[in-house]
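Please walk through this model with the structure open beside the text. Each stop names a place to look.

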Amino acid sequence: PWDKNPVFKYWDLDRLDDSAQVLLRYGNGRPAIVEQRVGRGRVLTLTTSLTESTRRPWNLLLMPQPEAWPGFALITGMAQYLVGRVEEKTNYLVGQVAVLRMGKDELFDSYLLTTPLGDTVKIREQEGLIRFDDTKVPGQYQLRAGGETDVRRGLSVNVDPAATRLARVDEKTLLKDFDKTSFRLARNTDDLVRQRRAGEAVTRWEAYPWLVLLVALAVIGENLLSSLFYRK
């Protein structure tokens, strides 16, 4: 029940560093939790305050109320993530930096990363981490090293859900993206039928009048031609 534990105020971050990754967003798309690697550790930044305030609280995540458990679950999950108890992330969005943590028995001089297009990229680990930022193509990526029976790791890169969200847009948005003459706006079925008929009337070529004229010319030509073979 996140709607019963709303966030009223938060710090709006400027452009994030390339090494930072947004783990959680608010309903308006702004960053809520941001992760950044520092050496071999990780830092989480929560953009809203958890300090109790009786005057104007920033949120109701930890306020005493009947259904306040989402806030406590969030803090517990952040703590488990920071100490490494959360399962490693293997699903990313297009453009995000993919990170794989390698165990001591998985360390090699170099690794081969196969992309969904079938291309193979040579990559090296740094401080026990494999970072790959060229995730422009969605699909499955496979990391391997040490021959046929050693390291086999994989990750998935997915398209941002916003790219496939079929939501209605208003006329102002359409005018920004298209020229006024390149689209017609139908607000109901009658408008759609009327505009479709008008468009067909402009683009359709009526052949019937030309066929009638062609038949008439053929008849006249036949009469003129036949008169040459008969005398009065």
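Gln65 is in contact with Lys4, Asn5 and Leu60, leaving aside its neighbours within four places in sequence. This is a predicted model. Gln65 sits in the loop between β3 (41–46) and α1 (69–82). Is Gln65 buried or exposed, or partly exposed? At 28% relative accessibility, Gln65 counts as partly exposed, because buried residues fall under 20% and exposed ones over 50%. Gln65 and Pro1 are 64 residues apart in sequence. Their C-alpha atoms are 12 Å apart in space.

Next, turn to the hairpin of β1 and β2. Strand β1 covers residues 21–25, and strand β2 covers residues 31–38. The two run antiparallel and are joined by four bridges. Val22 has Val34 as its bridge partner in β2. Five residues lie between the strands of this hairpin. Among the hairpin residues, Gly29 takes a positive phi near 90°. Gly27 is also found in the loop between β1 and β2. Gly27 has a relative accessible area of 90%, so it is exposed. How far is Gly27 from Val38, C-alpha to C-alpha? The separation is 28 Å, for two residues eleven places apart along the chain.

Stay with this region for the salt bridges. How many salt bridges does the model have? The count comes to two. One of them joins the side chains of Arg30 and Asp12, at 2.7 Å from N to O. This pair links distant parts of the chain. Arg30 is in the loop between β1 and β2, while Asp12 is in the segment before β1. They are 18 residues apart. Arg30 counts as partly exposed, because its relative accessibility is 30%. Asp12 is exposed, because its relative accessible area is 52%.

The side chains of Glu35 and Arg37 also meet in a salt bridge, at 3.5 Å from N to O. Are these two charged residues buried or exposed? Glu35 has a relative accessible area of 6%, so it is buried. Arg37 has a relative accessible area of 16%, so it is buried too.

Now follow the strands around β10, residues 151–158. Strand β4, residues 91–93, runs parallel to β10, and three bridges join them. Leu93 has Asn158 as its bridge partner in β10. Strand β9, residues 139–145, runs antiparallel to β10. Seven bridges join β9 to β10. Ala145 is paired with Val151 of β10 in a bridge. β10 thus has a parallel partner in β4 and an antiparallel partner in β9.

Val159 lies in the loop between β10 and α2 (171–177). Val159 is partly exposed, because its relative accessible area is 44%. Which residues does Val159 touch, beyond those up to four places away in sequence? They are Leu93, Val94 and Pro138. Leu93 was met above as the bridge partner of Asn158. Val159 and Thr47 are 112 residues apart in sequence, yet 25 Å apart in space from C-alpha to C-alpha.

The interior comes next. In soluble globular proteins, nonpolar side chains tend to be buried together. The largest nonpolar core here holds 18 residues. Which of them touch the most other members? They are Met102, Tyr111, Ile130 and Leu143. Five elements give two or more residues to this core: β5 (98–101), β6 (111–114), β8 (129–132), β9 and β10. Met102 touches Leu107, Tyr111, Gly128, Ile130, Leu143, Val151 and Arg153, not counting residues up to four places away in sequence. Val151 is also the bridge partner of Ala145. Apart from this core lies another, of seven residues. Its members include Leu44, Leu74, Met78 and Tyr81.

Last, look at the surface. Which residues make a nonpolar surface patch of about 560 Å²? The patch is made by Trp210, Leu213, Leu217, Ile220 and Leu224. Trp210 lies in helix α4, residues 208–227. Trp210 counts as exposed, because its relative accessibility is 55%.

Methods:
Residues are numbered from 1 along each chain as its sequence is written. This is a predicted model: local features need pLDDT of at least 70, side-chain atom pairs count only at pLDDT 80 or more; totals for chains, interfaces and linings use all residues. Side-chain values use heavy atoms; hydrogens and water are left out. Two strands pair if DSSP finds at least two bridges between them. A nonpolar core is a set of buried Ala, Val, Leu, Ile, Met, Phe, Trp, Tyr and Cys residues joined through side-chain atoms within 4.5 Å. Buried means under 20% relative accessible area, exposed over 50%, partly exposed in between (1.4 Å probe, protein chains only). Contact means heavy atoms within 4.5 Å. Patches are made of residues with over 30% relative accessible area and no salt bridge: like charges are joined within 9 Å, nonpolar side chains (Val, Leu, Ile, Met, Phe, Trp, Tyr) within 5 Å. Accessible areas come from the Shrake-Rupley method with a 1.4 Å probe; for residues, only the protein chains shown count as cover. A salt bridge is a side-chain nitrogen of Lys or Arg within 4 Å of a carboxyl oxygen of Asp or Glu.
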